[in-house]
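Welcome, and please have your viewer ready. Below is a short tour of one structure, with a few stops picked out for a closer look.

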Amino acid sequence: MSKIASHVLLGCVLLLIALGIVMLISTSMWSGGEAGDTFFSLRRQAAWLVLSVMACAVMTRVPDAFLLRMAPVIYVLGCLLLVLCFVPGVGVNINGSSRWIGLRSLGLSAAQVQPSEFAKLAVVIGLAGWYMRIGVRSREFVHGFLIPMMLVALPLGLVGAEVDLGAAALIGLAAFALMFAAGANLPALGTVVLLGFGAIYAAVKYIPNRAKRFMEFLDVLRDPMAHLGDTGMQQVRAMMAFANGATSGVGLGAGQQKSMGLTYAHTDFIFPMVGEELGLVATLAVVVCYVLILLFGMFIALHASTRFGRLLGVGCVMLLALQATLNIAVTTVCLPNKGLPLPFVSYGGSNLLFCLVCVGILLNLHRHGVYPELQATRGMPRRRLTPRA
Amino acid sequence: MSMPPPPHDSDSKLETTLYVRAVILSTGLAVVFSLLGWRLVNLHVNQGDTFRQAAREIFQREVVVPAARGALMDRQGEVLAIDRRSYSVVVDRNLLADRNLALRSVSAELGQKVTEVERHYTLEQARQLSVDRCLDLLAPRLGLGAAALRGLVGDSVRGEVVVAKELRDEEAQALKDFIEEESLPGVFVREGLRRFHPMPDLAVHVLGFTNNENTGVEGIEKTMDSVLRGVPGHQWFERTSKGGERLSSTRPPQAPQSGRSLRLTLDHQIQRLLEEELDAVGDDPADVYVPLLKAKGVSVILMDPATNSILAMASRPHHNLADRGKLTPNLAVSETFEPGSTFKIGAYIGVLDEQLVGLATPLNLHGGRYEKGEIRIRDDHPVEGATVLTAFSHSSNIAAYKLASQLGAVRYYGYLRSLGFGARTGVPLPNEATGLLRPVEKWGTLSMRSLSFGYEVNVTPLQLLNAFSAVINGGMMREPRLVEAVLDQDGVVLEDRPPVELHRVCSEAAARQLRTAMYEVVKKGTAKQAAIPGFLVGGKTGTAQKYVPARKAYADGAYVVTFVGFAESMAGVELMGVVVVDDADVPANKEYGGHLSAPLFRRIAGKVLAHRGVEPNPEWMPKNSTLAVDR
């Protein structure tokens, strides 16, 4: 198992990326938009893919000790980039959210990055670094709970202020999982859970857009058909897409929902498109892929050679798995709609880059991991494993 | 997973915690993933039907292909009503407000890329721009104001609206090209069928018409709707990912089945002659012209005696099938009136059938004034030395009463029912009135008197003619025939509808005797003006005072005047007809059936006989005509 862990992980990731490309071709036939350039989106995504794979390869060679040393820097950088979103002339506002930074000023026209993607990683690296540093004091309230909470709160607040609640939820959940794994005080964490529910309640109640979305969501669950015309329709259309796909799908490119009504078909709502065109077989396969990534990623993380590595690995796996969970839960109408891409599959460069960086980190951890079954006896020199993939 | 070795760089208890909690996290998330998997099974398969159905409704457009309605033809095969292609313009509001189509349309209009449009306009703005552009371009082509068209389309984003109807071929083609050229989203030109009447002013009451759904709502279109209507076909279109439409791959189209056609007994030429006569205004002061009568209503039915077929049926007032302004009732079958003297045939046929009298049997008519208890009867045309024949030809009320009394109420009533009074004739026309003929047990002391000369009874013109038809044709009661045959679309006869004989009213001898009496009416009696040179004409006039319900009395100046008669050549009876004029505005002493209805019948029947090429018999020319009275 230790041998194949990285192979399985990488295999699942590649399958999902391939699915993403296929679905992008299928959907951009309709919404590629720009006259005369059906493959505009495809070309752009391919460029991001090349960049992301390179980043992934680089990360497999970056020692975790270096990441540990750089953790404070990475964390601060992440927060700074988030602040940039609010700087006029740099931040780009789309649909009322300022979650993008335009690189036009840096000479890269028409490219935007979402700093929240980087912030996710920055929070995980920062937290893992912090817990590594404080060692056994992880159980203490101030060092093991209060300070990490503050470390999380700053970027979380910034992302929330961008009105990118999907990313905020993901950062919050992943950080919470990491704190839980690092051994933080359980009663304190329990209090956080309660506060978290309180915060969600407050958000639903006092942020007008949220309140509306939430009520709509409840209504969509009760009477899906009544919401075809309004903003709740995305999720209703998603349900229709799944239904239309049935067991084996209507066939690639034959999906109807993407052409008639399902907006964001190639980004956040790619999963229903998979469901419609390839059917239950494909959607279950996708879920299985994520479960495998979760289990083997966790296996790799727990066998990392350092505590920092283990914490970092758990954080990365949580980021990937939680993002997948949230996206699937939203597109299957188990949670209200919030913008989160499906890791590896959705169209969008920043997210793909960040996800493959996480994979790179895990592969690196696997190379330097400690596997008792590969050692004849305890105390023998550690053998380094190099993934062949 | 096996337990990792205790690491060297940390507290081992903390590592155990990490391990345990990581396993808890993984297990928890794995469980969540399994639940999502189960949710997927539900969405894809278990609950799928509801959503599949909804998706089909949204993404599959069902187009009902209307079935052509069967045609209505006259007995010569001339088309009276037929379905013709017509086009309508339909706006699919779902497509009109579609996001992607709107973005494309705005991007094409502004010459910007779709992403540019998306950046500069909210979805709502883009949609509004696109809808405005579409409607502003479309409105002038439909001859509508932009505001009017917007009002028609409304605010909803679901369903279809018809914004223009009944376009001709070339208009429809021009619009199709225009829509294509400007790529107006959600606007379609749809082909449909519309009822067309080549002769829209002919037999309007008989033919009737269809509504917007091409369902018959009046006339024979209504009564024979189930035969005429076809089975509509269906086509399902599904939207393609490019925004166009194609025939559904999952549901094959069903072709429509055309309805069956009817060949009516009407003759469009005879009907035309009749309609023209009813509309004609000549300058002969001695003649009667319907438009000058200022009558409340005029109704004429012509029948072919051999088959009891209705050759023509027309009423005034009438309407036009092309514009269908104010609708008018079919007086010939749906309106009743008190028939007056024409109803006397009931008493005469009874006594002749039972051989209680012969035509030459003398009758005491009491000098035109009869009084017996409550019963007082006056004759307008007193007859000296009367026989049954002269009493009939001069329409004596006293004779009619005495003959009816001779039969007795029950037998008299039996003959009246037998002649079809108080019951529908069964002609396939809507709203046929039953008329009113009270059963004997409801008769009052004066009922026998009133009935015997046609009061206290309501009949339709068709009932009256049909009763006379039985007498004229030897005593056999038949259904009035309006449908000759049911045909398929290619004109092949599917079903013949032969004349239907109902029952015998009287003996042939009695019928022949009464027919003879009817000749006498025209020859010497009240209907001299019905005579057509060269033909034997028989009939009976009727003049009934109108009952005014408000005053509960009979009006002095208001009459319904009737003539029922037939024309005979050497070959036999050629034509029968009834003329009913309701409440004509004519000078006093001209109000009798003999002065109004009889000459109308003469003119109409004369033209029809001439049109049919029936040879007049020179021996029957007026001067030397004699008539043998048989006993």
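## Where two helices cross

Let's begin between the chains of this predicted model: the crossing of H11(A) and H1(B) is left-handed. H11 covers residues 307-331 of chain A, and H1 covers residues 12-46 of chain B. Their axes lie 11 Å apart, and the packing angle is about 15°. Angles under 35 degrees count as roughly parallel, so H11(A) and H1(B) are roughly parallel to each other.

## Who meets whom

On the chain A side, the residues of H11(A) in this contact include Leu311(A), Val314(A), Met318(A), Leu322(A) and Ile328(A). From H1(B) come, among them, Leu18(B), Leu25(B), Leu29(B), Val32(B) and Phe33(B). What is the make-up of the contact by class? It has 16 nonpolar, 1 polar and 3 charged residues. Arg307(A), Arg310(A) and Glu15(B) also take part in it, as does Thr325(A).

## Chain A as a whole

If you step back to chain A, you will find 12 helices and 3 strands. The chain has 389 residues, of which 57% count as buried. Taking its contacts between residues at least 6 apart in sequence, 69% join residues at least 24 apart.

## A serine in chain B

For a last stop, try Ser447(B), which lies in helix H19 of chain B, a helix of residues 447-452. Is Ser447(B) buried or exposed? Its relative accessible area is 2%; buried means under 20%, so Ser447(B) is buried. The side chain of Ser447(B) also has a polar partner: the side chain of Glu456(B), in a polar contact at 2.7 Å.

Note on methods:
Residues are numbered from 1 along each chain as its sequence is written. Chains are lettered from A and ligands numbered from 1 in the order in which they are written. This is a predicted model: local features need pLDDT of at least 70, side-chain atom pairs count only at pLDDT 80 or more; totals for chains, interfaces and linings use all residues. Side-chain values use heavy atoms; hydrogens and water are left out. Helices (H or I, at least four residues) and strands (E, at least two) are DSSP runs, numbered from the N terminus. Buried means under 20% relative accessible area, exposed over 50%, partly exposed in between (1.4 Å probe, protein chains only). A polar contact is a pair of N or O atoms within 3.5 Å; within protein, one must be able to donate a hydrogen and the other to accept it, and residues adjacent in sequence count only if both atoms are side-chain atoms. Axes are lines fitted to C-alpha atoms, for helices over the stretch in contact, and angles run from 0 to 180 degrees between N-to-C directions. Angles under 35 degrees count as roughly parallel, over 145 as roughly antiparallel, 65 to 115 as roughly perpendicular and the rest as oblique. A crossing is left-handed if the near helix is turned anticlockwise from the far one by less than a right angle, and right-handed if clockwise. Contact means heavy atoms within 4.5 Å. Ala, Val, Leu, Ile, Met, Phe, Trp, Tyr, Cys and Pro count as nonpolar, Asp, Glu, Lys and Arg as charged, and the others, Gly among them, as polar.
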